[in-house]
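Biologist: Could you walk me through this model and tell me how each label is earned? I'd like the reasoning along with the names.

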Amino acid sequence: MLIAFNKPFGVICQFSPSGDKPTLKDYVQVPGVYPAGRLDTDSEGLLLLTDDGRLQAAIADPAFKLPKTYVAQLEGIPAEGDLARLRGGLDLGDFRTRPAAARVTSE
């Protein structure tokens with residue numbers, strides 16, 4: 001089973017309770033499905049849910065190097081140097097991100 005879910009802003013990308021914050025369980029009442037990837041709580045957008053462990057791993061596990069597209073709305077226009085850093089990959093401490101095809105789409 002594969003469910004395409006438009007995760008709202010402020011929803012935690014998990015099914016287990018998290019205090020007073022809403023989670024996926026508040027929106028998806030299908031047993032046995034798990035997110036294939038994640039979005040931060042302050043992000044909104046497409047999230048795939050599945051009960052197929054192999055599919056979930058193929059989508060979410062960095063070892064498979066599945067390309068993903070993200071669209072970010074920013075205040076202002078990023079400098080070319082900022083885009084160059086994304087294109088080179090970012091050091092996040094415990095791992096380095098893959099290089100991104102970062103670009104400005106409109107002004």
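Modeller: Happy to, and bear in mind that this is a predicted model. Let's begin with β1 and β3, which run antiparallel and are joined by six bridges.

Biologist: What makes β1 and β3 a pair?

Modeller: Pairing asks for at least two bridges. β1 and β3 have six bridges, so they count as paired. One place to look is I3, which stands opposite L49 in β3.

Biologist: And how do you know that β2 and β3 pair?

Modeller: Two bridges link β2 with β3 (residues 45–50), again in the antiparallel sense. Since the rule asks for at least two, that is enough for a pair. Here P35 stands opposite L49 in β3.

Biologist: Which strand order does that give?

Modeller: The order is β1-β3-β2, an open sheet of three strands with antiparallel pairing.

Biologist: Why are β1 and β2 described as standing at the edges?

Modeller: β1 (2–7) and β2 (34–35) each have a single partner strand, so one side of each is left without a neighbour in the sheet.

Biologist: What do the side chains along β1 do?

Modeller: They alternate. I3, F5 and K7 point to one face and are buried, whereas L2, A4 and N6 point to the other face and are not.

Biologist: How does the sheet fit into the whole chain?

Modeller: Along the sequence the pattern reads β-β-β-α-α, which comes to two helices and three strands. Of the 107 residues, 20% count as buried.

Biologist: T23 sits in the loop between β1 and β2. Why is T23 called buried?

Modeller: Buried means under 20% relative accessible area. T23 has 3% relative accessibility, so T23 meets that cut-off. Leaving aside residues up to four places away in sequence, T23 touches V11, I12, Q14, F15, S16, P17 and S18.

Biologist: Now the loop between α1 (53–60) and α2 (80–88), where A79 lies. Is A79 buried, exposed or partly exposed?

Modeller: Partly exposed, because its 42% relative accessibility falls between the 20% and 50% limits. The C-alpha atoms of A79 and A63 are 31 Å apart, and 16 residues separate the two along the chain.

Biologist: Y70 lies in the loop between α1 and α2 as well. What makes Y70 exposed?

Modeller: Exposed means over 50%, and Y70 has a relative accessible area of 61%, so the label follows. Between the C-alpha atoms of Y70 and L46 there are 9.9 Å, with the two positions 24 residues apart along the chain.

Biologist: How do you know that E80 and R87 form a salt bridge?

Modeller: The closest N and O atoms of E80 and R87 are 2.5 Å apart. The cut-off is within 4 Å, so this pair qualifies as a salt bridge. The count by this rule comes to one.

Biologist: Why can such side chains pair at all?

Modeller: Side chains of opposite charge can pair when their charged atoms come close.

Biologist: And why is R87 called partly exposed?

Modeller: R87 has a relative accessible area of 33%, which lies between 20% and 50%, so partly exposed is the right label.

Biologist: What about charge over the whole protein?

Modeller: There are 12 positive and 14 negative charges, and their mean positions are 6 Å apart. As for the surface, about 8,200 Å² is accessible, and 54% of that belongs to carbon and sulfur atoms.

Conventions
Residues numbered from 1 in each chain as written. Predicted model: local features only at pLDDT ≥ 70, side-chain atom pairs only at ≥ 80, totals over all residues. Heavy atoms only, no water. Helix = DSSP H or I, 4+ residues; strand = E, 2+ residues; numbered from the N terminus. Salt bridge = Lys/Arg side-chain N within 4 Å of Asp/Glu carboxyl O. Buried < 20%, exposed > 50% of the residue type's maximum accessible area, 1.4 Å probe, protein only. Contact = heavy atoms within 4.5 Å. Areas by Shrake-Rupley, 256 points an atom, 1.4 Å probe, with all protein chains shown as cover. Lys, Arg positive; Asp, Glu negative; His and termini not counted. Charge placed at Lys NZ, Arg CZ, Asp CG, Glu CD.
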